[in-house]
Amino acid sequence: MTAALNELRTQVIWTRLISIVEEQAQTLMRTAFSTTVRDAGDLSAALFDLQGRLIAEAVTGTPGHVNSMAAGVRHFLAKFPVATMAEGDHFITNDPWLTAGHLHDVTVLSPAFHQGRIVGLFGVCCHQVDIGGLGQGPDGRSVFEEGLQIPLMKLASRGVLNQDLLDILCLNVRTPLQVRGDVLSYISSNESAARRLSAMLAEFRLEDLASVADYIVDRSLAATRAEIAKLPQGSWTSSLTIDGYDHPITLRARLTIEGERILVDYQGTDACVPRGINVVLNYCRAYTIFGLRCVISPEVPNNYGALLPFEVVAPEGSIVNVQRPWPVAARHVIGQMLPDLVFGCLSQAIPDRVPAEGSSCLWSVQLRGRQPAGEPQAGDSFDAIFFNSGGSGARPRQDGLSGTAFPSGVRAMPVEITENSAPIVIWRKELLTDSGGIGERRGGLGQRVEVAMRDGSAFEVLAMFERVDHPAQGRDGGGDGSQGSVRLASGKAMQAKGLQQIPAGDRLILDIPGGAGLGAATSRAADLVARDVEEGFVSAEAAARFYGSGVG
Amino acid sequence: MTSTTDRGPSTPKGARIGADIGGTFTDIVLEVGDRRHSTKLLTTYDAPERALLDGVRLLLDEAGVAPAEVSLVVHGTTLATNALIERRGVPTALLTTEGFRDVLALGSESRFDQYDIGMEKPQPLVPRRLRVGVAERMDARGQVLVPLDGDAVRAAAAQWREQGIRSVAIAFLHSYANDSHERRAAEILAAEMPGVSLSLSSEVSPEMREYERFSTTVANAYVQPLVDAYLHRLDDKLKAMGFGCPLYLMLSSGGLTTVEAAARYPVRLVESGPAGGAIFAASVAAERGVGQVVALDVGGTTAKICLINDGMPQTSQVFEVGRAHRFRKGSGLPLRIPVVEMVEIGAGGGSIASVDNAGRLAVGPHSAGSEPGPAAYGRGGTRPTVTDADITLGRIDPSRFAGGKVTLNAGASHDALAALGIWDGKAETLAIGVSEIVDETMASAARVHAVEQGMTLDDRSLIAFGGAAPLHAARFAEKLGIREVIIPSGAGVGSAIGFLRAPVSYEMARSLTLRLDQLDLDRLNSLLDGMTAEARALVEAGAPGAAQVERRTCLARYKGQGYEIPFEIPARTLVPEDVDLLRAAFETAYRTQYGGVTLDLPIEALIWRVTVGSPAWKPKDRAVVTATRDVEVTQRRPVIDPDSGVALSFALVRREAMRPGDRVQGPALITERETTTVVSPRFDAWMDANGYLILTRREEG
């Protein structure tokens, strides 16, 4: 076979591998119990080669998971060398420092065999709604309070489940049947992917993946380097101050473009805090590189080669490289801000390709209350969670997206589903006029959410909201996005973080922040201003005041 | 434009007409006894009925049949679909629950493309200023939390009258559980805005999940006046021509309905053409006596893949219209309607090949369409397409393409491929690459689609139709391990033929959440019986006196899961002893779908469906024919085989020259006027009693 034909065949196999991991992700979503996995798609699924290199990732999934898992697989292989793995083995951990940064993310890695030989490893990483402990809020003082820690260990050995582990797991969580169902679904999705892989190797008359993996890594590395080489060389710094748990936190980054590599150094970033918003280095890397790849090399499929030219370092003990046993449960609050910080650096190098800051941190509303009197299970406690997104930052040639999850990409649950699974009423979920930062390109709009118990009884919120004191910053003359707000309908302001009570008869009101604007508002096209006023995205007063528009 | 006649497989009494108006062509089929006449005309956008009536006249003349002798006219149209995609509906407003006017804009709040910073969400059909919230609220159990503010509805009506609104969607939260507020609001609007079209979410799509329900209701409202006017105009003109038979409309679900029902819920028509294709494939499967099928329809710009199980095209409850972004899921408007489940991807004869910045050869989703078309057409297209690759591989004879109507320039194909610039610019290698990538893309789509449906592709037959499918079907089958490929005749007008094979049917769905171990049987039976009565009345109106077949389906999941799976339940009054039967049916369906173990968790039923239809189409009995005669091969040509990458000597056979029982050993090309069937070296072909080509995988030696 000629070299060109061989290459062609390798490309066909590459397409096939991406389809196999997508099947893996879809199987997972369809069999999972956690709303976070099944409804929100808060998961990742991927294939690794025997060196632990990420070869293919599913289209469905979140950046925080996949890139964290990409870094974590080597830990599995260090403890359980490939040569010792047998068919039917499955490995598990939720160690935040080895994989995705908090205990709620459980990773299962399974060897895939072909003709009796190990040829690759399939991994899934999923967000469990419950892992015991305090729940997924920032209130823990150390990782010990945040739930059950599962060290890197065998979940199954030669097809036999580790019943001891499952017993410990089931006793430590509030919803044991669901958690058990989830863990079993991770195994079956990895197993079905392994069967597909073996069938594919047979079809292409290959013994293993080695040459294909090399090709994928080399190609992706070369393509990424070529994109980096087009960028201006140099070093740029930026900083971002966010609310933090009870005091503001400043994140600092220096981005260096040097030849075919990019280095991000978080030197100067504030120290970690005794509340669960700290970020482990794996997760910090995951979102940093995601932000870079969105701008620099979005077309290159995500894998080891595509990630390699990006280096991320952070001082030990800083809030983006926290050490054991500091608490980490709500690490997304800071992790999801990292693309904005990276954009701040990149915008100085390539201003015409970089969006402004957005609301960025997902507003995950976690409520706890009691089933209403006179109904089945009256008095039992319940937990409900639903996701809400604010506005994304204005983009170089487009306005920001309203009520859209960037960078997380997770889906919101339907209101009707949420109200069917918990005795709450979401009274409002509506875009907020004037919440998008003004500018030639306007920031995306945030939204207002109002929620209460169906019977008006008291309930609690595990708040972990951001950009309440520190809005998304505009760029090049664009305005800031609106700040977030957490309050009661009766008027009292509430904290943006921590467990708090909403009294009987009251409602919780959340204003989810807007994205920032880009460029001077006075440069915005008049027809866009007129449309914004007509649609109620911008009030007539704001149009007149900021855009110099007489409409309205 | 053209008209062909061939032997049809079925002989019902009287003449029957199927008419499929698509985006480019209007296909008409007339069946008279055992004969089939068909024609393809360009669609007349300004008045779609013109091409339809012209084609009908043409075929009636050709067959010597008078309109009064026609016993059935079945019509499918993309009118509603195009109006939705091109935003050409009537001025429409949305009346909704206060606090929820932005449900359509928020959607799922997610991004369908993780890395694309420039992505845009689908724009709602109704702009924000026309989406008005009024005070009212139901809870999830259908109990009133806030009464409807009638004055607010009147105020909205006054504003909309000023604004020239012709159609209003009424969509309140939890109206699937209690529709009284929607109905009251409709009464007020009908009084305040005489003549306005009203679409209620509790009628159009009475199911949980507000984004999908609101989106469906708004889409219905947006096209209702257009479709209503068109259908009645067409009906009148047919009557004026002397037709005495009823006019039926093809539904997205694969069933037929009356003009009145179609005009009321036009959103159910959006996938009528593809549904006709699926019914066509199912009828071919019935003729062949195979139950488990993958249907592949490849045209110029897209490929559609549908699974047929036990002879029935798979159906689903959600469809996305107008996927803008590389056919990505989430980039279109969701419609919750009964629809033949299929995956559509940007892969067809006109799909353009390119090299991405990772040096990978990519094919589609952009298409050169028919204008400018592939480079070989010489109409200004310079970018290489799948058709150019097929020509370069030697699969298409340039002098006989499209019956000789289009002269192909093989040199232009060669040059366009070489210009891709990789692999030393070797056009033949690149042609293999384009063919392999497009086949792999289609195979991947089929595989992921099967997983999403909880199905497998093992042991299925492939039925391939549409202009480009026979060229790629064998390789597609090889990639999926499929051992039998069926290439029916009449494949160019498959949808219109499918219309004539469809039952008159109606499907209804309602949300009612019940745990299987705590069934409220009185409530459930009364819900199901009510649905049955409504569906039976609609079918009786369409097929008076015909026998009716009823199926009931439950969608359930383990409590705590996010996706329901369907399973059939008895179509009769349920009794307490049925609970075990329902649980067992669910567990069987679950195991089939996901393999794995059944779980010790409560089972929760969410949605109940009733389908009533006239009996399914039955193929005519034919003498069994087996492959007995080898066709004499007088011509051969070199064709490159993508599996080995080398040119082999392919036998060249004309399909018209083959008779039932004739057999051709692969590798071979079987040519016909509209397309060519590639019989790869791993397949043999023969013609069955219906005139279909059957490709069978040779046992590995």
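This passage walks through a sheet and a helix of chain A, a hairpin of chain B, and the contact between the two chains, all taken from a predicted model.

We may start with the sheet. In chain A, 4 strands form an open sheet in the order β13-β12-β16-β18, and their pairing is antiparallel. The edges are held by β13, residues 381-388, and β18, residues 497-502, each of which pairs on one side only. From one strand to the next, the twist averages 20 degrees. At the β13 end of this order, β12(A), which covers residues 363-370, runs antiparallel to β13(A) and is joined to it by 8 bridges. Within this pair, Gln366(A) stands opposite Ile385(A) of β13(A). As background, the strands of a sheet pair through backbone hydrogen bonds, in either a parallel or an antiparallel manner.

Chain B offers a smaller piece of strand pairing to look at alongside this one, namely a hairpin in which 4 residues lead from β34(B) to β35(B). The two strands run antiparallel and are joined by 4 bridges, with β34(B) spanning residues 668-671. Thr671(B) has Thr676(B) of β35(B) opposite it. Strand β35(B), residues 676-679, is covered on both faces: Thr676(B) and Val678(B) are buried on one side, and Thr677(B) and Val679(B) are buried on the other. Such a division fits the general pattern, since side chains in a regular strand alternate between the two faces of the sheet.

Returning to chain A, helix α6 lends itself to a simple check of geometry. The helix has 20 residues, 210-229, so at 1.5 Å a residue it should span 28 Å, and its end C-alpha atoms are indeed 28 Å apart. Its buried residues include the nonpolar-named Val212(A), Ala213(A), Ile216(A) and Leu221(A), and among them are also Arg219(A), Ser220(A), Thr224(A) and Glu227(A). The packing partners of these buried residues, all in chain A, are the helices α1 (3-31), α7 (281-296) and α8 (304-307), together with the strands β2 (54-57), β9 (249-258) and β10 (261-265).

Helix α6 also appears in the contact between the chains, to which chain A gives 66 residues and chain B gives 61. On the side of chain A that touches chain B, at least two residues each come from α1, α2 (35-38), α5 (176-203), α6, α7, α11 (415-421), β14 (424-431) and α12 (526-535). The largest share of that side, 15 residues, belongs to α1(A). By residue type, this side of chain A divides into 26 nonpolar, 20 polar and 20 charged residues.

Notes. Residues numbered from 1 in each chain as written. Chains lettered and ligands numbered in written order. Predicted model: local features only at pLDDT ≥ 70, side-chain atom pairs only at ≥ 80, totals over all residues. Pairing = 2+ DSSP bridges. Axes fitted to C-alpha atoms, helices over the stretch in contact; angles between N-to-C directions. Buried ≥ 20, exposed ≤ 12 C-beta atoms within 10 Å, placed from the backbone. Expected span 1.5 Å × (residues − 1). Contact = placed C-beta atoms within 7 Å.
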